[in-house]
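This report is meant to be read alongside the sequence and the three-dimensional model. It takes up the ligand surroundings, then one strand and its partners, and then a few single residues.

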Amino acid sequence: MNDTHKVYIETYGCQMNLSDTEIVSSIIKKSGLNLTEKPDDADVILLNTCSVRDNAERKIHERLIHLKQYKKKNKELVVGILGCMAERMRNKLIEEKKIVDLVVGPDEYRKVPSLIENAFTGEKGIAVKLSRVETYDDIEPLRTEGIFAWVSIMRGCDKFCTYCVVPFTRGRERSRPLRSIVNELEKLYNNGFREVTLLGQNVNSYKDTDGGFDFPDLLRESAKAVPNMRIRYTTSHPYDMSDKLIETMAEYKNICKYIHLPVQSGSDRILKLMNRNYSVEHYLGRIRKIRELMPECSLSTDIISGFPTETEEEHKQTLDLMKEVQYDGAYMFKYSARDNTKAYSMEDDVPDEVKTRRLQEIIDLQNNISRELNRLEIGKQHEILVEGPSKKNSEKWQGRTDTNKVLIFEKNGHIINTGDLIKVVVKSSTSATLFGEIL
Ligand code: SAH
Ligand code: SF4
Ligand code: F3S
């Protein structure tokens, strides 16, 4: 292979995609190709795409139109689509978009180098088979330097929420062996990483079948193996939020006291239509257990507004649930009908302006709750992991609390480095940020 060829990868979508880009980068580098950070220098441009909502795909269509200019300048340029949209659209992408040379789904990334090679000889290629076993367990992701690392522990999703494309784009659930994950964490710690996020669409249904380990077992073994590393995880499903998991989190100091627990709706009828497999009561029971064992734990969620047939009353139930739980943060979306999903065959009958208005009410409520909860932080002490100069104001530095809140502080002559754990006291706050002083 021509080892002067340079590949540029652009990543969209969730953390799984960010993590997959590190895996693809590693595969590409091993094959002898080079990577570049600049699209203008590239001989190959790959987009790692997301399909979760219509606007995620629209972004990619727009980007492809823009990339036509690059191809005009460089006729040899190879353009590829990776990720969930590749899996969902398959050969349609090659047929409808002349500019696209290769299409590779999430379980076929080992083929990326050979498909690139073929593309240089003018042969378009597609690889979109889903696998029951592929976890890329043997591939060491090519991580950018720093103190944070993503560690993918499982792939796929078997939950089949009726609105969601993920089970179709990422296939069946499968997990990496516990031992291999724990070894990777030890290595990361020795290489200077200080915080890891264990990743999967549903980490709490993780299962190492050969070893007989579940997700709490993995968390416990990880916490013990790297006691000075902060450990986070995402995403968890309320159905699999077991007592054992909550107890394990409470037991180890280095397991961060933060849980992202998507609720989606506050109405039992809508939850049923979504095939979420829990009731509001079950969900609140999980929250009570979390609060009982970890009063300091922060919580965030995902909410969808305007699912088919959602009434005004059911929307209010969502607002009521948010008031009751008091989430520290939330990711909030308008329902977007996705081809092939079960909900697609239900009529998308909530008018767009109603979805938008309900979404705005959800966002406004959440902002108020976040502001109030952050106001209650004033005067509290936290240990933060120092991330480096603040993105907005380089005079200041920023770190993150164990509860996943960003805290801005001044160094005031202290010698502080990225990766240090320091004690601070909160002096003021907004809905998104805490401001503090070093103790
Ligand atoms: N596996 C994770 C993340 C799934 S995608 C989980 O189950 O929590 C992230 C979020 O996108 C979902 O939680 C949901 O709130 C939202 N989402 C998924 N499909 C959607 C759709 N068709 N329309 C609107 N939001 C959607
Ligand atoms: Fe999608 Fe539901 Fe699976 Fe999450 S749990 S990825 S929302 S099907
Ligand atoms: Fe998007 Fe696929 Fe992630 S659809 S949210 S990139 S799993």
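The paragraphs below describe a predicted model, beginning with its ligands.

**Surroundings of ligand 1**

The shell around ligand 1 holds 15 residues, of which Arg53, Gln201, Gln264, Asp302 and Ser336 come nearest. By residue class, this shell divides into six nonpolar, four polar and five charged residues. Two strands, namely strand 15 (298-305) and strand 16 (329-334), each supply at least two residues of the shell. The table gives polar atom pairs between the protein and ligand 1, with the kind of atom on either side.

| Protein atom | Atom of ligand 1 | Distance |
|---|---|---|
| Arg53, polar side-chain atom | oxygen | 2.9 Å |
| Tyr163, polar backbone atom | nitrogen | 3.0 Å |
| Gln201, polar side-chain atom | nitrogen | 2.7 Å |

On its own, ligand 1 has 530 Å² of accessible area, and the protein covers 91% of it.

**Surroundings of ligand 2**

Which residues surround ligand 2? They are Cys157, Lys159, Phe160, Cys161, Tyr163, Cys164, Val166, Pro167, Gln201, Asn202, His237 and Arg276. This shell divides into seven nonpolar, three polar and two charged residues. Gln201 and Tyr163, which belong to the surroundings of ligand 2, also take part in the pairs with ligand 1 set out above, Gln201 through a side-chain atom and Tyr163 through a backbone atom.

**Cysteines**

The shell of ligand 2 includes Cys157, Cys161 and Cys164, while the structure as a whole holds zero disulfides. Cys157 counts as buried because its relative accessibility is 8%, which falls under the 20% limit for that class. Cys84, with a relative accessibility of 9%, likewise counts as buried.

**Strand 10 and its partners**

Is strand 10 (residues 195-199) mostly covered or mostly open? The strand is mostly covered, with five of its five residues buried. Glu195, Thr197 and Leu199 point one way from the strand, whereas Val196 and Leu198 point the other way, and the residues on both sides are buried. In a regular strand, the side chains alternate between the two faces of the sheet.

Strand 10 pairs in the parallel sense with strand 7 (residues 148-152) over five bridges, and within this pairing Val151 stands opposite Leu198. Strand 10 is also joined by five bridges to strand 13 (residues 230-234), again with the two strands running parallel, and there Val196 stands opposite Ile231. Leu198 and Val196, the residues of strand 10 named in these two pairings, point the same way from the strand.

**Two residues in later strands**

His382 lies in strand 17 (residues 381-389), and at 14% relative accessibility this histidine counts as buried. The side chain of His382 is joined to that of Glu377 by a polar contact of 2.6 Å.

Lys423, for its part, has its place in strand 20 (residues 421-429). How should Lys423 be classed, as buried, partly exposed or exposed? Its relative accessibility is 48%, and Lys423 therefore counts as partly exposed, a class that lies between the buried limit of 20% and the exposed limit of 50%. The C-alpha atom of Lys423 is separated by 44 Å from that of Gly171, and the two residues are 252 residues apart along the chain.

Key
Residues are numbered from 1 along each chain as its sequence is written. Chains are lettered from A and ligands numbered from 1 in the order in which they are written. This is a predicted model: local features need pLDDT of at least 70, side-chain atom pairs count only at pLDDT 80 or more; totals for chains, interfaces and linings use all residues. Side-chain values use heavy atoms; hydrogens and water are left out. A residue is near a molecule or strand if one of its heavy atoms lies within 4 Å of it. A polar contact is a pair of N or O atoms within 3.5 Å; within protein, one must be able to donate a hydrogen and the other to accept it, and residues adjacent in sequence count only if both atoms are side-chain atoms. Accessible areas come from the Shrake-Rupley method with a 1.4 Å probe; for residues, only the protein chains shown count as cover. Helices (H or I, at least four residues) and strands (E, at least two) are DSSP runs, numbered from the N terminus. Ala, Val, Leu, Ile, Met, Phe, Trp, Tyr, Cys and Pro count as nonpolar, Asp, Glu, Lys and Arg as charged, and the others, Gly among them, as polar. A disulfide is a pair of cysteine sulfur atoms within 2.5 Å. Buried means under 20% relative accessible area, exposed over 50%, partly exposed in between (1.4 Å probe, protein chains only). Two strands pair if DSSP finds at least two bridges between them.
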